[in-house]
Amino acid sequence: MKLRFPNNFLLGFSESGFQFEMGLDQSEDQNSDWWHWVHDEENIFSGLVSGDMPEQGPGYWSLYKRDHDIASGLGMNCARLGIEWSRIFPKPTFEVKVDVEMSGDNLVNVIVDKEALRKLDALANKDAVEHYEKIFNDWKAREKTLILNLYHWTMPIWIHDPIKMRKAGIERAPSGWIDQRTVIEFVKFAAYVTWRFDDYVDLWSILNEPNVVYGSGFVQVKSGFPPSHLDLQLAIAAAKHIAEAHARAFDNMKSITKKSIGIIQAMFAIEPKKRDVPDHEDAAKKAKKVEIFDFLDLLSKGESMFIGTREDLANRIDWIGVNYYSRVVVEPSTGGMGFKELEGYGLHCTPNSLSKAGRECSDFGWEIYPEGIKSVLIDTWERYRKPIIVTENGIADAKDRYRPRYLVSHIQNVQKAFDEGIDIRGYLHWALVDNYEWAQGFKMRFGLCYVDYETKKRYLRPSALIFKGITEYNELPGEIQEYQELLSL
Ligand code: PGI
């Protein structure tokens, strides 16, 4: 059976600045929190981060034409790119005055006017601005869709210095999202980027995976994510400020652009250990709310179980980006939030083993669970009724042993969701080429292309040709679906 996509369906790749840009020539950016974080001796020595350096990366800053050629060759019609705040504003923007309105502790309005934009333009690093223009222009000249995402986890060191937070105490260091001033500086950056680059951009996204930023930074502190400071109250403070940053950026961007503005969220299929057992089903429901939907509820309905009611944050999402990799299996727990994530399933498996359910697991130890993408898409659609794009889906698989089947089975499930009437506009793969996987460094290889980090050469993996086969006729032919059938053990 053939499964067809509509003609304007977006098929492409996603990437972020920090993970891809550095590697060649003058591309190193030392002005971000993450650059300092992964260079820190104590972080490396303790094993919190890998010791790999992002400046040895795939070098997209220099090789963007090459990567765009590859993507075009694979028939891709859409790219989701990231822009680095620390490149645009390597120096503080505090001196640019903007009107700010508070209601108690809540930041309810920020106005970045024309004069502020001109001052920001004077402060911006023109080399970086012009270089991004070249990159965007090269992609747009190919008549393709560009989604630009503003925040993919990195920020300038002048606003977030996680090492200094650890050494001097969080009160005595630039503390990123736990400091409300960060909201204002982020809104300036968002307004400036929209004003400067809107001509190139088809769809805007403000945040990539806010749930991971406060969750990994303040709760799952072994993840190697800055500032790695265990404190649930601070996680909530960060979440509140990130939500304010999104909403106030959204308001300012709306006065500059007519284009749709979305948010990208990390989604997992959250499933109960025992189906149809009420307290297990209940635990899964709670986990979904806490880990995935609470933040989106805040920005769509103005309601959060942690932050309360905020009318000024509601209706700030035009489209939703779904990043899906695997599932999480939970059981009830008396402590904590009422649920516990189980080892041996989903994200918590041994690399290259079989999960407790007998499913294959990636180099990262993430269980391959393709039907989960369908349920996540259905849940997201039913809850928000907004257009959806799968903005990330992929697998760490250096040898390309699992990826062909991963790719086909996930796209097949996206199509099934589409056939059920869900408004899905596209599927973007993570990633086009191998890149810097945050605290894990270069070991995790997510690329449709292998990268030789010595020479920066890109080599197509077999999966890349499968992707090409799908874009070629804009459908999943039966012949290719057979790759998926090998999956059942
Ligand atoms: O790990 C692969 C990719 C990253 O390279 C992207 O930057 C990031 O957006 N990925 C996987 C996820 N998110 C991203 C899924 C959620 C997740 C985040 C952190 C799972 C485990 C840890």
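A colleague questions a modeller about the terms used for this predicted model.

Colleague: What makes the chain as compact as a globular protein of its length?

Modeller: The chain holds 16 helices and 17 strands. Its radius of gyration is 21 Å, and the globule rule gives 23 Å for 489 residues; the two values are close, so the chain is as compact as a globular protein of that length. The C-alpha atoms fill a box of roughly 60 × 55 × 45 Å along the principal axes.

Colleague: How many of the residues count as buried?

Modeller: Of the 489 residues, 53% count as buried. As for contacts with a separation of 6 or more, 72% of them are between residues 24 or more positions apart.

Colleague: Why is Ile-373 called buried?

Modeller: A residue needs 20 or more other C-beta atoms within 10 Å of its own to be called buried. Ile-373 has 27, so Ile-373 is buried. This residue lies in helix α13, which spans residues 371–384.

Colleague: Which residues is Ile-373 in contact with, leaving aside its neighbours within four places in sequence?

Modeller: They are Tyr-324, Asn-393, His-410, Asn-413 and Val-414. Contact is judged on C-beta atoms, which must lie within 7 Å. The C-alpha atoms of Ile-373 and Asn-393 are separated by 9.0 Å, with the two positions 20 residues apart along the chain. The 9.0 Å is a C-alpha value, whereas the contact cut-off applies to C-beta atoms, so the two statements do not conflict.

Colleague: How do you know that strand β8 is covered on both faces?

Modeller: In a regular strand, side chains alternate between the two faces of the sheet. On one side of β8 are Ile-261, Ile-263, Gln-265, Met-267, Ala-269 and Glu-271, and on the other are Gly-262, Ile-264, Ala-266, Phe-268, Ile-270 and Pro-272; all are buried. That agrees with the count for β8, residues 261–272, where 12 of 12 residues are buried.

Colleague: What makes β7 and β11 partners of β8?

Modeller: Two strands pair if there are at least two bridges between them. Strand β7, residues 203–208, is joined to β8 by 3 bridges and runs parallel to it, with Asn-208 opposite Ile-264. Strand β11, residues 319–332, pairs with β8 over 10 bridges, also in the parallel sense; there Pro-272 stands opposite Val-330. Both counts reach the cut-off of two, so both strands pair with β8.

Colleague: Which residues are closest to the ligand?

Modeller: Ser-16, Val-212, Ala-266, Asn-323 and Tyr-325 are the closest of the 13 that surround the ligand. The shell divides into 6 nonpolar, 4 polar and 3 charged residues.

How values were computed: Residues are numbered from 1 along each chain as its sequence is written. This is a predicted model: local features need pLDDT of at least 70, side-chain atom pairs count only at pLDDT 80 or more; totals for chains, interfaces and linings use all residues. A residue is near a molecule or strand if its C-beta atom, placed from the backbone, lies within 6 Å of it. Ala, Val, Leu, Ile, Met, Phe, Trp, Tyr, Cys and Pro count as nonpolar, Asp, Glu, Lys and Arg as charged, and the others, Gly among them, as polar. Helices (H or I, at least four residues) and strands (E, at least two) are DSSP runs, numbered from the N terminus. The radius of gyration is taken over C-alpha atoms; the globule rule is 2.2 Å times the number of residues to the power 0.38.
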